[in-house]
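I opened this structure to look up two things. The notes cover what surrounds the ligand and what lines the enclosed spaces.

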Amino acid sequence: MSEKHIERSYDPASQKMIKKAQDEDIKIVWDRHDAMQPQCGFGELGICCKICNMGPCRIDPFGEGPQEGVCGASKDTIAARNLVRMIASGAAAHSDHGRDIAHALLSAAKGEAHDYKLKGTDKLKRVAEVYGIDTAGKSIEKIGEELGEKCLAEFGQQHGELRLTSLAPKKRQALWRKLGIIPRGIDREIVEIMHRTHMGVDNDYKNIINHGIRAALGDGWGGSMIATELSDILFGSPEPIRATVNLGVLKEDQVNIVVHGHEPTLSDVVVDAGKDPELLALAKKYGAKGINIIGMCCTANEILMRHGIPSAGNFLQQELAILTGSVELMMVDVQCIMPALSSVANCFHTKIVTTSPKCKFPGVEHVEFKEEKALEIAKEIIKKGVENYKNRVKKRVDIPKEIKGLVAGFTTENAFHFLGGKYRSTYRPLNDAIISGRLRGAAGVVGCNNPNIRHDWAHVSMVKELIKNDVLVVQTGCSAIACAKEGLMTPESAYKFAGPGLREICEAVGIPPVLHVGSCVDNSRILLILSEMVKEGGLGEDISDLPAAGAAPEWMSEKAISIGFYVVASGVFTVFGTPHPVLGSENVTKYITNELEDIVGGKFAFEVDPIKAAHMMIRHIDLKRKALKLGPAIHQQKVALKT
Ligand code: BF8
């Protein structure tokens with residue numbers, strides 16, 4: 001019997017559904033990935049150019065054929081242009097999300113979007129202050145309106161600096177200024193990538209990449225940070241909350257509605273709509289015991305951390321949820337939604353409903369979401385799901401039993417309050433734990449799934465290796481869901497998986513060794529956590545001084561490239577699993593994996609083996625400890641450091 005389902009995923013629930021797809025001959029992502037082999041080597045190496053109509057051109061990687069495009073572009077120019085166009089797309093996706101949240105905040109503050117209230121009033125005042133808004137004597141709505149306008153203006157801003165960059169350590173800001181890479185406006189830097197990479201403009205690979213960094217910083221410290229901060233204002237700042245994860249959250253006797261995508265404007269209101277008495281009565285009429293709202297991918301993270309709504313899984317599980325035969329309706333907004341969903345749904349009774357004018361599928365029902373009528377539209381969509389319950393084919397329902405508990409909802413503001421006693425509201429205890437060596441350091445492990453790596457395996461293996469070595473881990477996105485499914489996000493898991501120093505801390509304060517800090521735009525929370533650590537003192541003057549590292553072991557999307565660049569440009573050594581598509585240019589590869597460190601204090605490494613990658617991160621952390629004149633971690637275990 002083929003063991004493909006086991007090779008394809010580390011997660012037993014997913015394995016079962018992959019097996020079901022095989023048995024029923026339903027083609028899913030791994031089959032399409034197999035069918036695509038061998039994938040285009042020129043594309044993988046980044047040396048294919050289709051920017052103008054004299055091409056497409058490709059550089060011979062063996063040096064025997066053409067070494068420049070028809071226009072004369074070198075492999076360095078071609079690889080750099082392709083790479084920064086990925087940054088442009090990723091930064092655009094995150095930032096457009098931020099823009100939509102800013103727009104929703106503005107509409108709510110003006111009383112046009114009645115179904116939203118400004119729930120995070122403390123944060124509203126704090127962020128307003130950063131934007132220089134005088135809050136004295138003003139109503140919450142008035143402050144919200146002014147903040148919404150100021151944030152929206154930053155997208156089209158033509159000069160100056162994005163305000164949220166002022167939250168970075170002073171030394172970092174000065175470095176960015178010196179290098180001329182502080183983003184002026186969010187859209188402006190993205191547009192400039194498209195201009196510079198147009199045929200016949202910038203062909204100095206370093207100059208191209210340096211501008212890519214500027215646009216990426218406009219994502220991390222601009223668009224994404226706006227998305228996070230304004231979501232906290234609109235929907236409330238998360239607090240630690242217990243919830244459940246994996247396909248076992250689907251219910252056999254209830255109407256299952258899956259919310260998939262990214263923007264909480266839709267998912268947050270769906271949570272309320274799912275409690276509507278009329279809809280619940282309708283569900284009962286059709287023989288269901290209730291309405292089960294669950295999340296998928298990053299929108300799952302948004303409602304998980306604010307409402308404890310269960311998550312059905314991460315990116316590679318979107319088709320698998322439908323394969324359970326138990327999903328009445330999957331509503332999607334934007335990003336990471338596979339076009340294949342409609343064909344997989346056609347094999348079952350599942351209805352797909354698109355909601356964003358930016359994301360439609362041919363032949364799929366579209367119910368346009370508008371903030372002004374949010375609750376009404378959410379109810380209309382849920383009703384479609386409830387009415388579809390009667391079409392469920394009971395004998396095709398097959399829900400894996402796997403389900404795990406987790407604690408989600410950590411933020412920059414609350415994450416380390418738990419660390420201690422009289423210093424409850426400061427980062428002092430975290431810094432002290434690192435200085436004393438109880439903690440070796442900290443790591444952010446984030447990003448997607450990708451069928452080119454066994455599903456979840458790299459995330460789980462890397463994170464286990466890090467916490468075993470007393471490295472505290474913070475996570476977002478699909479990586480967070482992977483580790484939650486492995487049970488790494490409960491306080492109890494520290495006993496089983498954490499090294500002695502980290503375990504002591506988890507025991508003392510009751511936190512998990514792996515902290516879930518949200519969705520992918522919430523990587524901005526990690527930037528602020530790092531900045532707070534610097535400001536707290538004792539660990540250097542800049543983010544690049546911290547014993548910290550980052551990783552995206554199963555990355556897939558262009559957003560991951562943008563994230564990687566803003567994290568590296570903030571001073572963090574970051575390991576990607578599979579390489580960026582640049583290896584066809586030795587110069588570009590050397591620039592981003594080596595030379596950048598001397599310029600911005602951070603650089604990339606590519607390592608597909610998650611244990612080796614974890615060791616690279618630990619070695620980096622140890623080097624930073626040494627540079628800070630800190631002793632080795634108290635319980636330091638010997639790590640075979642392979643590169
Ligand atoms: O933004 S981790 S697969 S769902 S891109 Fe997508 Fe990657 Fe998941 Fe969230 Ni982020």
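Entry 1, the ligand shell. I listed the residues around the ligand in this predicted model. They are His262, Cys297, Cys298, Phe315, Cys336, Gly447, Cys448, Cys478, Cys520, Met556, Ser557 and Lys559. Sorted by class, the shell has eight nonpolar residues, three polar ones and one charged one.

Entry 2, polar atoms at the ligand. I looked up two side chains that face ligand oxygen. A polar side-chain atom of His262 is 2.7 Å from an oxygen atom of the ligand. For Lys559, an N or O atom of the side chain is 3.0 Å from an oxygen atom of the ligand.

Entry 3, the domains. Why does the ligand lie between domain 3 and domain 4? I found that domain 3 (247–396) and domain 4 (407–642) both contribute residues to the shell, so the ligand lies between them.

Entry 4, the cavities. How many cavities of 30 Å³ or more are there? I noted three. The ligand sits in the second largest of them, so I took that cavity next.Entry 5, the second largest cavity. Its volume is about 110 Å³. I counted 16 residues in the lining, and Cys336, Cys448, Cys520, Ser557 and Lys559 are the closest to the centre of this cavity. Cys336, Cys448, Cys520, Ser557 and Lys559 are also on my list of residues around the ligand. By class, the lining of the second largest cavity has ten nonpolar, five polar and one charged residues.

I then checked where this lining comes from. Helix 13 (297–307), helix 19 (477–485) and helix 23 each supply at least two of its residues. Helix 23 gives the most, with three residues. Domain 3 (247–396) and domain 4 (407–642) each supply at least three residues of the lining of the second largest cavity.

Entry 6, the largest cavity. I recorded about 270 Å³ of space in the largest cavity. Its lining has 26 residues, and those nearest the centre are Gly444, Ile526, Ala549, Gly550 and Val567. Which classes make up this lining? I wrote down 20 nonpolar residues, six polar ones and no charged ones.

Both strands and helices take part here. Strand 10 (441–445), strand 11 (471–475), strand 13 (548–552) and strand 14 (573–576) each supply at least two residues of the lining of the largest cavity, as do helix 22 (523–536) and helix 23 (558–569). Helix 22 has the largest share, six residues.

Note on methods
Residues numbered from 1 in each chain as written. Predicted model: local features only at pLDDT ≥ 70, side-chain atom pairs only at ≥ 80, totals over all residues. Heavy atoms only, no water. Near = heavy atom within 4 Å. Polar contact = N/O pair within 3.5 Å; in protein donor to acceptor, adjacent residues only side chain to side chain. 1 Å grid on protein atoms, 1.4 Å probe; cavity = no way out; pocket = protein on both sides within 12 Å on 5 of 7 lines; lining within 4 Å. Sits in = over half its atoms within 2 Å of the grid points. Nonpolar A, V, L, I, M, F, W, Y, C, P; charged D, E, K, R; others polar. Domains from an automatic or database assignment. Points joined across faces, edges and corners; volume = space filled by probe spheres on them. Helix = DSSP H or I, 4+ residues; strand = E, 2+ residues; numbered from the N terminus.
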